[in-house]
Structures are given as C-alpha cells and as structure tokens.
Amino acid sequence: MSLTRRQTLAILGGGAIVAAGTGAGAVITRQPGGARAPWAAAGGYDEPRMRALSHAILAPNPHNRQPWLVDLGTPGEVTLYADTQRLLPHTDPHARQIVVGLGCFLETLRVAAAEDGHDVTFDLFPEGGNPDRLDARPVARCTFAPGGTAEPDLFAAIPHRRSTKEPYDTARPVPSDALAALTAAARHNQAAATADPDRVAALRDLTADAFSVEFATDRTYRESVDLFRIGAAEVNANPDGIDLSGPLFETLRLTRLFTRDKALDRDGMSYARGLDMVRANAMTGMAYVWLTTPGNTRAEQIAAGRDWMRVNLVATALGLAVQPMSQALQEFPEMADHYARAHAALAPRGGTVQMLGRLGYGPRVPVSPRWPVEAKVIG
Ligand SMILES: Cc1cc2nc3c(=O)[nH]c(=O)nc-3n(C[C@H](O)[C@H](O)[C@H](O)COP(=O)(O)O)c2cc1C
C-alpha cells in the first residue's frame, strides 16, 4: 500500500498528538515565519540590482540549497558565484543540477529587472569553467543597462510559484493547450510534454522507481536526511534544505518519534513511510514536461535552468502544480539503469535531459524557506 504525505503523517503522528497533550498546542502550530519572510520582502529595495536579486533568490533550486552568492562591487553589475559549500556531491556528482538551479536564478533576475526597465546580459563562466565540478570562478557576470522587455505575466507569477510535492488530483487531466503553453515558454532549448496515458504510466513508474534507488543507496539517501529541517525552530535557524515543518512534524519532533537518526534506520517506520510517501506522490503525475539540451556543457545547463524557470512560471500562471522529478536524471552509478531508461523515453535521438517535471492540479502549499538576499551578498 502506498501512502500520501498526509496519511503517513497522520499514522506517525496520531498517537503523538495525544501524547503531546494540549499544552503543546502553541508549539505544534507554529510556522517558520522568519524563513518565509524573504518572499514578502521581494521588491522592497530601492537599488535596482537588489530589487531584482530579491526576486531571484525565490528561484527553485535542488534541495533548496540556495547555492548562490553575489558580488555587487562593480556598479551596474552582479557577479554570480556558486557557493561551493552548498553542493550535493552524492546525488549531483558533477553539480549539473546546481548549475541548472543557478540558471533558474539568472532567469528570475532577468525577468524581475526587465519589469523595472533594465536589460540584463549574461557573460557565462567569464573565467572558464570545469564540467566536472564547480570552483571559485564566477558563474556569470550580469550587466544591467536601461531597456529590457517586461513579461508581466511571468513576473506576476514569481511569488506564487512553488514546487508542489503533494499528491495531484487524478480525476483532473491536464489540458493539451496548457502543455502547449508550457513548451512554448522555453526559449533556448527543446521542451516537450505529454499527457498520453501510456507515457504517463511509464513515467510514473520510472520516477517512483528512481526514488527507491535514491533511498536504497546509503550516501544519496543520507545526503537528503542530513538536510532535513524538522520543525519551525530548525527551519528558521537554517532556512534551506528540506522543510519538514507544520503541526505534525512539530509533534513528531517534540515526542522524538521522528528524528534524522530514525529516518536513517532502514527497519524503522519513518524510512518505510517516507519512501511510501514519495512513491505515492510520484504515482499521481497527470502529465510531464521535460527539457533536453544537445550536449551537457555548463552553458547548456544554465540555459536549461533559464527555460525551466519560464516553464515553471507559466505553469503557475495557469494554476498547474509542478514538481521536478530529478532522481532518474542523476549521474551516480547506482542510478545508471534509470538514467538510461529516462533518456531512451525522453530523448530517443540523443541529448541530455536536464529537467523532468510532474504536472497536475494539487493543493496550495506554503512557500519554501529562503535565506534573506542580504545573506547572499559577499561584496
Ligand atoms: C535542478 C532542480 C532539481 C530539482 N529536483 C527535485 C526533485 O528531484 N524532487 C523534488 O521534489 N524537487 C526538486 N526540485 C525542487 C526543489 O526541491 C525546490 O525548488 C526547492 O525545495 C525550493 O522550493 P520551491 O521551488 O517551492 O521554492 C528541483 C529543483 C531544481 C532547480
């Protein structure tokens, strides 16, 4: 039997809520308000680069590591660096996904700046790059100049976008014109989408099975568990990683029914229920969208991220939920079979599938945590 996130939490937490007693009410209902504040702060800056950056930090990025650092030392420029302390060496051994996330950041920066009447041009990896690992060299030099073409619908969607990691409504198909709008949003790469029932069934299985591989592989599973932030206090202290806040997680934390150690215990309930949950969610995908690049250079990864941001914003504007499903695209050896299956299904004529997303209609979820933009300015 597969369980949804809510069912899982209800089972894990049902007894715990009683055990915690009524006095715990104020604790278990607290929300990580501080960690969500950067969403409300976006746009509230006078300096044009800071105003655009306050939107850019809301971009999606792998495991919410927010691996961006910016130097504002040169007037009219933003120099973007990858924070090499915030990589995912096990699930993302070549930092491909991290760079895709930096592409999402750059496109958000550009859309936000254009709304203000600024054109932003990018000089990517101006001092060169390494295809295997990220280093201290800049990822992009971004030059602001008067101009730019505003895209008000995309801009308006920025604060409403979420990665919706919940079950989708399996009674509600995704219309073909919505899929056409998503693929039309990509500017730099080939985007494709499907709601064909056979392909959807195959992609549900593939993405669910790929989760099982990531869970079954000690070091990749541990990489996620290490990033669990359990309860509002942990989320506020480290507003990144995997946000496990909300009343049930507060209760589980208080009663110590759910801890990082318990999640790592493969014979325990938390591990089994966690895997059930992500697999069950995967099995509710109603359509899929993916982006393919001919090669797999750093510049192509950035371009894929820029397009993914556009696809994600168009989906948001259309009321569609999106969850990136990257497991089968990961390059660690244990995933090789699933990686090959994904590429055979999605890029049969070659190329690298950079992003794959599950689509459907899902519940409205809270925004995810962010470090304030000021924490990301290094000069
Ligand atoms: C390159 C990339 C890969 C991602 N892969 C996954 C994934 O495999 N599963 C998932 O649930 N979310 C994935 N995400 C979404 C992030 O987890 C999400 O963007 C982050 O937690 C911040 O949340 P938000 O998008 O709601 O702001 C990915 C995002 C990016 C940019």
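This is a short walk through the structure, from its domains to its ligand and then to two of its helices. The model is predicted, so local features need pLDDT of at least 70, side-chain atom pairs count only at pLDDT 80 or more, and totals for chains, interfaces and linings use all residues. Residues are numbered from 1 along each chain as its sequence is written, and side-chain values use heavy atoms, with hydrogens and water left out.

Let us begin with the overall layout. The chain is divided into domain 1 (33–159 + 370–376) and domain 2 (160–360), with bounds that come from an automatic or database domain assignment. Their C-alpha centres lie 21 Å apart. Across the boundary, 49 residues of domain 1 are in contact with 44 residues of domain 2, where contact means heavy atoms within 4.5 Å.

Now look for the ligand. Both domains give residues to the shell around the ligand, so it lies between them. A residue is near the ligand if one of its heavy atoms lies within 4 Å of it. There are 20 residues around the ligand, and S163, K165, Q323, S326 and R370 come nearest. The shell divides into seven nonpolar residues, nine polar and four charged. In this count Ala, Val, Leu, Ile, Met, Phe, Trp, Tyr, Cys and Pro are nonpolar, Asp, Glu, Lys and Arg are charged, and the others, Gly among them, are polar. Helix α5 (96–115) and strand β9 (321–324) each supply at least two residues of this shell; helices (H or I, at least four residues) and strands (E, at least two) are DSSP runs, numbered from the N terminus.

Some polar pairs are worth finding. An oxygen atom of the ligand is 2.8 Å from an N or O atom in the side chain of S368, and an oxygen atom of the ligand is 3.2 Å from an N or O atom in the side chain of Q327. At N61, a polar backbone atom is 3.1 Å from an oxygen atom of the ligand. Taken alone, the ligand exposes 620 Å², and the protein buries 93% of that; these areas come from the Shrake-Rupley method with a 1.4 Å probe.

Finally, turn to two helices. In α11 (residues 247–254), F249, E250, T251 and L252 are buried, meaning under 20% relative accessible area (1.4 Å probe, protein chains only). Just after α11, R256 takes a positive phi of about 55°. Helix α12 (residues 260–264) holds A263, which is buried with a relative accessible area of 2%. Not counting residues up to four places away in sequence, A263 touches Y221, V225, F228, F258, S270 and Y271.

Methods: Polar contact = N/O pair within 3.5 Å; in protein donor to acceptor, adjacent residues only side chain to side chain. Buried < 20%, exposed > 50% of the residue type's maximum accessible area, 1.4 Å probe, protein only.
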